[in-house]
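Biologist: I would like a close look at a single part of this model, taken slowly and with the reasoning spelled out.

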Amino acid sequence: MRDDAALIRLDLSNKYFKIIIHVMVWLAMLAFPFILDTSENRSWHDLFFDSKNYWFRLRFISYFYWIALFYINIYLLVPYLFNRRKYIYFSLSALAMYALCIFFDSRLFVLLNIPVNFSAWLTAYIKLPAFLLTMAASTMYIMIADRIKEELRSSETDKENLKSELSFLRSQISPHFIFNILNNIAAMVRLKSEELEPTVMKLSGLMQYMLYNTDDDKVSLAVETEYLQSYIDLQKHRFGSRVNVQTTFDIQDSQKQIEPMLLIPFVENAFKHGIGVIENPTIIVTLKADNQKLNFSVVNNFNDTDNKQKDSSSGIGIVNVTRRLQLLYGERHKLSIQKKETCFTVNLFLDLDPDELHSS
């Protein structure tokens, strides 16, 4: 509701701003004849009310023809005829408007008591440049305005598509993560492990994060790091001393913002493929962040023969998080994934927004 109200206020402010600009431009044009004639030390009162200045009054009043023609063209002729490729009707309508302007001039000759015989052909010849300029300017104006509106509409559509795609990617990551955690709990049930209860409590905390934080555009590094640590602790409960897990978290400002669930797929992948028929399995997770940069790395050893026996869902999280990084950070990120002999290394560099507001 607040976003909609803000958009309405923005739209109204843009509308009023456009009206003000139009009024200022037309006032400047209407004042132009006064500026020219008052340069000869004649006041605007004498120019407009002196009976001898009928040509000045005729020229001044004719400006209102062109103002009317300008808006008739942008609101009627161009949208309903020109844009619909009814060029013949558009041309005939424009000529009819021009003829109407000439007719008004003939009436003004009488009303202003101009002591010159009115000539329709001469008047049409004299006013032709002003008519063509008005028609060209108004046509270009509405075409440019329509182009800007179309680009804004396209931009809004792209934003909505981006939100939809990100929402879809997040929905894929979450079930995949839950699937792996439930497998862990199932193994503990079979082993009748005493760590089952604290593990379930950890899972409860992770589920709370996934339900209440992943809908946010961004979360603080403190929240994301806590989620990451909880996941690692949960895996430690399961594997115990069978895997060597080393973690280093060095964060200068824990309230800096990051996309939710952006780091967990890399850690999840390390536990998935770094455990098994592997001698001295080791997983190293490092997270360092200052006010501008974030450096995140995950290193694990692996066994190619063992990995071939993994389930077919392997890598879903990595694929999706890579896509999310491309959509959200673009050139503001660098992701390096290297596979050498028995070592798998992921390095992620992010540019953090230095002007970003903190949120709890």
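Which side chain meets that of D105 in a salt bridge?

Modeller: In this predicted model, the side chain of D105 meets that of K127 in a salt bridge, with 3.3 Å from N to O. Because D105 belongs to helix α4 and K127 to helix α5, the pair ties together parts that are 22 residues apart in sequence. D105 counts as buried because its relative accessibility is 1%, and K127 also counts as buried, at 12%, since the cut-off for that word is under 20% relative accessible area.

On its own helix, D105 is listed among the buried residues of α4, which include M97, Y98, C101, I102, L108 and F109. Helix α4 covers residues 87–111, and its 25 residues reach 36 Å from the first C-alpha to the last, close to the 36 Å expected at 1.5 Å a residue. Just after α4 comes N113, which takes a positive phi of about 55 degrees.

The partner helix, α5, spans residues 120–191 and holds another salt bridge, in which the side chains of R147 and E151 meet at 3.3 Å, N to O. Those two residues both lie in α5, 4 residues apart, or about one turn of the helix. Residues three or four places apart point the same way because an α-helix has 3.6 residues a turn. R147 is exposed, with a relative accessible area of 55%, whereas E151 is partly exposed at 45%. Helix α5 also contains I144, which joins M140, M143, I148 and L152 in a nonpolar surface patch of about 480 Å².

Key:
Residues numbered from 1 in each chain as written. Predicted model: local features only at pLDDT ≥ 70, side-chain atom pairs only at ≥ 80, totals over all residues. Heavy atoms only, no water. Patch = residues over 30% accessible without salt bridge, like charges linked within 9 Å, V, L, I, M, F, W, Y side chains within 5 Å. Areas by Shrake-Rupley, 256 points an atom, 1.4 Å probe, with all protein chains shown as cover. Salt bridge = Lys/Arg side-chain N within 4 Å of Asp/Glu carboxyl O. Expected span 1.5 Å × (residues − 1). Buried < 20%, exposed > 50% of the residue type's maximum accessible area, 1.4 Å probe, protein only.
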